[in-house]
Every structure is written in C-alpha cells, then in structure tokens.
Amino acid sequence: MLVKGRKVAGREEMLPPYAFDPREDDVIIRHRLLTRTTTTRGEPPLKKLQKKFMSFALDIEKDADNYSDCERLYKAFLQEMNTFELPLLKSKAVIDANLREKENFNELQDEIHRQILQAQADIEDLKRQLEESKIERQHKEECEAIRRLIGLQPPRSETQKTISDLEKEIASLEAENAAGSRTLELRKKQFSLLLHVVDELQNTIEEEQKNLAEELRIAMEERKNSMEDASGGSEAMAVD
C-alpha cells in the first residue's frame, strides 16, 4: 500500500492511503469483473479455465490411447467451468438485485419527488390560509374596535332626543334670526325715513331762516326809510 504526502505551508499533509489512483478504480474493477479476478495476486480464473480447456483439447488431438487422461482432463475442465460459472451466477444475481434495487430507488425517488411537490403545494396552501387568517383577524380586530367605540357612545334614544332638541333649538334660532332680519329691515326703513324727514326739516328750517332774515332786512329798511322820512318832515316844518 502506498502512502503519499506533500508539504503544505511548511508541513507535510498526508494523503488518503490509496493503493491506486481513484481515477483508475473503474478500470480495475471492470477488468476484475471481466476476468473474475478478485485479488491482484494469483492466476485469473479465466486464464485457468483456458489452460484446462487447452490441456483437454491437446489430449483429444493426440493419437495415443489416452481415454482416461481425456476423461480426467474433461472432468477437471467441467469442474473449472462450474467454478468459473458460480461467480458469474452470483454476479448475475447481484446485478439483478442491483437492477431491482435501482428500480425501487427510482420509484422511491419519484415518490419522494411527488411528496416534495405535494409538500410545496401544501406549504403554498398553508401560506394562503395564513394570509387569509391574518386578514380575517385584522377585520375582527377592526370590528372589535368599532364595537368598543359604539359601546362608548350614548344610547340611540338619548342621541335621538339630543338631535330633536338641537333641531328645535336650530328652528328657534332660525325664527329669531328671521324676526331679527325683519326688525333690522324695518329699522333700516325707519332710519331712512327719519333721515329724509330730518333732511326735509333742515331744509325747511334753512328756508325759514332765510325768509326770516329777508323779512328782518326788509323791516330794517322800512324802518330806516320811515325814520328818514320822519326826519325830513321835521326839517320842512322848521323851515316854514
């Protein structure tokens, strides 16, 4: 057995103890199967069988009276043939068993592949169910939150009563607003009328003041004239 080693980074690395290169194993095994050689020592069985056959054939071809030797060699050849055939039958049985095992392995592999595909399909289905369960749970949580909010709200009768009161209050405010609007409109008209009356009164007062001033001016002039006339008459009387 050969043991090889090589140095790697300052140390010797031991290789696996192979007697032959692993790449030569297939060639050696194929040769041993063909020649029925189980070890590397000794004479191959096929060569031994060939020698037995050649010995038997050479004795048959001899002219001498050697029936006993021929029979002995024939029996020896048959024995060697049986010896050679037995491993062949064993190999055939092993091959048949290997073929059956291979078929079983292929069937098992197909079954495993089918189970893998089924498991993948089941996983995808479970993923889908999980997503649906998450969505359903989310919906339930949202419904529960809404239910809690609804539970915090007052009863419907109380809410309806509050709405009715608010509607009445709104109607009352709207009526008050309409009344206020009408009153405001009336006050606007009255104020406009008052302004008009004041304006007219002011114009009348101004006109009366003008007339009074004119009357005073005329009266003053008349008085002045009368006084002048009176003084002129006195002077005339004095001259006379």
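**Salt bridges along helices 3 and 4**

Lysine 161 and aspartate 165 lie four residues apart in helix 4 (residues 156-239), which means that about one helical turn separates them. In this predicted model, the two residues form a salt bridge in which the closest N and O atoms are 3.3 Å apart. Lysine 161 counts as exposed, with a relative accessibility of 55%, whereas aspartate 165 is partly exposed, its relative accessible area being 36%.

A second pair in helix 4 consists of arginine 217 and glutamate 214, which are three residues apart, about one turn of the helix. The salt bridge between arginine 217 and glutamate 214 brings their closest N and O atoms to 2.1 Å. Both partners are partly exposed, arginine 217 with a relative accessible area of 39% and glutamate 214 with one of 36%.

In helix 3 (residues 67-152), arginine 128 and aspartate 125 are likewise separated by about one helical turn, because they stand three residues apart. Arginine 128 forms a salt bridge with aspartate 125, for which the closest N and O atoms are 2.4 Å apart. Arginine 128 is partly exposed at a relative accessible area of 43%, and aspartate 125, at 29% relative accessibility, also counts as partly exposed. This pair belongs to a network of salt bridges that links Asp125, Arg128 and Glu132.

Side chains of opposite charge can pair when their charged atoms come close. Across the whole structure, the search finds 11 salt bridges, among them the pairs lysine 161 with aspartate 165, arginine 217 with glutamate 214 and arginine 128 with aspartate 125.

Technical notes: Residues numbered from 1 in each chain as written. Predicted model: local features only at pLDDT ≥ 70, side-chain atom pairs only at ≥ 80, totals over all residues. Heavy atoms only, no water. Salt bridge = Lys/Arg side-chain N within 4 Å of Asp/Glu carboxyl O. Helix = DSSP H or I, 4+ residues; strand = E, 2+ residues; numbered from the N terminus. Buried < 20%, exposed > 50% of the residue type's maximum accessible area, 1.4 Å probe, protein only.
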